[in-house]
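Here's a quick tour for anyone meeting this model for the first time. Have a look at it, then read on.

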Amino acid sequence: MSTTLFDNRKSVIHRLNPVTKLIALLAIIVIVFAIPLWWVAGIIIVVIVVPAAVISGSGGRLLKLSLRILLPILLVLFIVQGLTFPGGTTVIWQWGIIDITSEGLLFALGVGSRIVVLVLASMLLVLTTHPGDLMSALSERGMSPKFAYIISSTLQLIPAFRVRADSILLAQQARGLSLKGSPFRRIKIMLPLLSPLVLGMFTDVEERSTAMEARAFGSTAKRTALIPVPDSTVQNVSRWVLIVLALAAVATPIVLGLL
Amino acid sequence: MIDLADVSYAYPDTDHYVLSHVNLKVEPGTVTGIVGASGSGKTTLAKIISGFIPHVDGGELSGSVVVDGATIADVTLSEAVSHVGLVIQSPFNQISGAKFTVREELAFGLENLGVAREEMAERVTAVAELLGITGLLERSPYALSGGQQQLVAIASMIIMNTPVLVMDEPTSQLDPGGTRMVFDVMSSLRDAGITLVVFEHKLELLREHADIVHVLAESQLIASGPSRAMLADPRLEKWGIGSTRFTAAAAAARDRKLLSKDAELPVSLTDAVPEFRAFAAKKGA
């Protein structure tokens, strides 16, 4: 059983240095949130994220995982903003006291497109980057190994959490717990399962930290790597270009008077 | 190799001493078994020998703990792990999660110590050969069985050239095949000169591999002796440790005068076969 979402393939995207991918992700997030135009996010999805997903070969998993996260968020966003956006005057659909305004939908589109970029790009990083490579690459650049491990192990948390939750649920179902009924009833049933889940995770963390310390994780020696994470001059230049682009994106709305 | 003198310990925020006036000497290159009922303090003692107490868990520790010439309380944890390694119960939780193959996983501890790449590669090969896991080197640590994962955890400790290895119930989460795998490796480790301290419930297997066995009960190492004599001791029942089926069967046979009252009780099948053969021969005569 793997505890990561990493999708092991040999694509160009997988082979990129993790720091390059991390900086690309951060630059994309800065750009879409700095420039208040929904179509900028649209262009980034069409020109960068989708081709990268296709090249990586992980597009199918990306779509499946992202839809699970995005569908409820986008649904709530469009309903709430479409109906309640303050200052919405252009009514495009009306039913009784309910008005959906174009201003509300446009606002939802602006926020929603950014969330889509954020989720797609982050999930693509998770799917194409092994946590260990990310940790090694960050450590090589002087980041504290403990901090690097926290970042990389966060990527492992969701599957590990799900595996433990599944076993607790199975154990309770074996004792006759029924999950049938209204959503409210199901939530009520699930709440008591949280305490064994959280306590179990604490035990795991303690054991894992003991095992890590037993392997000199707390050592202050300068770390070496059995297999160094590959990097190149082109990637190094690309990283700086991405940083400049992100900074330019922050300046653009000020220069163009979009704020 | 290990010398614990008058060691007592209480966890933080409690006055209760889990261990009280414990003394233990372990000779180099031996396999020492420690048995005790659940909650008797086995994990605590394992953590004390390996330096996690007091360096990580804190609490009140008195007495002296010397392992491989190092006074554990006086060195840092990073230094302590170069003298003594610790293998815990869960094989899964010992995988770093930071490495893609077993080869890289084995090298993780060496990377932390800043060992040169060429030396790391050599040590990975050597330790994999010692433990018979060369065939696993290119596999993902998560794709292994529990027994194989535990071998990788043991190899991850041995690779750091620790002369002492403490194993805290290393087979408690393994199936019989995995359990056998881990115990078989103990012979190779002993042959390689590594001193082993094994905390275990599986008395039959411990009998086959341990030279000496100590009993942990009532917060103390209450009894000790050669593995067969100690593990067949009837007092183990009183201390909540129990006995093996061979010991129980032979004790019942002795009570019914089917075996001599001086006969040494067997613990494992290997012990039992000659005893029962002798009985059968006597019966036949």
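Which residues touch the most other members of the largest nonpolar core? In this predicted model, the answer is B:I49, B:A155 and B:L165, out of 98 residues in that core. Helix α6 of chain B (residues 146–158) chips in the largest share, with 7 residues. There's also a second, separate core of 26 residues, and among its members are A:I31, A:I35, A:A53 and A:L124.

Back to B:I49 for a moment. Setting aside neighbours within four places in sequence, B:I49 is in contact with B:I2, B:V65, B:V67, B:V84, B:V166 and B:V197.

Over in chain A, take a look at helix α4 (residues 59–84). With 26 residues at 1.5 Å a residue, α4 of chain A should span 38 Å, and that agrees with the 35 Å between its end C-alpha atoms. Still, α4(A) has a kink of about 35 degrees, centred on A:L67. Its buried residues are A:L62, A:L65, A:S66, A:Q81 and A:G82, and they pack against three elements of chain A:

| Element of chain A | Residues |
|---|---|
| α3 | 38–56 |
| β2 | 98–101 |
| α5 | 102–128 |

Now for where the chains meet: 31 residues of chain A are in contact with 34 residues of chain B. On the chain A side, α6 (131–140), α7 (145–174) and α9 (194–213) each supply at least two residues, and α9(A) gives the most, with 7 residues. What kinds of residues make up that side of chain A? They split into 13 nonpolar, 11 polar and 7 charged.

Definitions and conventions. Residues are numbered from 1 along each chain as its sequence is written. Chains are lettered from A and ligands numbered from 1 in the order in which they are written. This is a predicted model: local features need pLDDT of at least 70, side-chain atom pairs count only at pLDDT 80 or more; totals for chains, interfaces and linings use all residues. A nonpolar core is a set of buried Ala, Val, Leu, Ile, Met, Phe, Trp, Tyr and Cys residues joined through C-beta atoms within 7 Å. A residue is buried if 20 or more other C-beta atoms lie within 10 Å of its own, exposed if 12 or fewer, and partly exposed in between; C-beta atoms are placed from the backbone. Helices (H or I, at least four residues) and strands (E, at least two) are DSSP runs, numbered from the N terminus. Two residues are in contact if their C-beta atoms, placed from the backbone, lie within 7 Å. The expected span of a helix is 1.5 Å times one less than its number of residues. The bend at a residue is the angle between axes fitted to the seven residues ending there and the seven starting there. Ala, Val, Leu, Ile, Met, Phe, Trp, Tyr, Cys and Pro count as nonpolar, Asp, Glu, Lys and Arg as charged, and the others, Gly among them, as polar.
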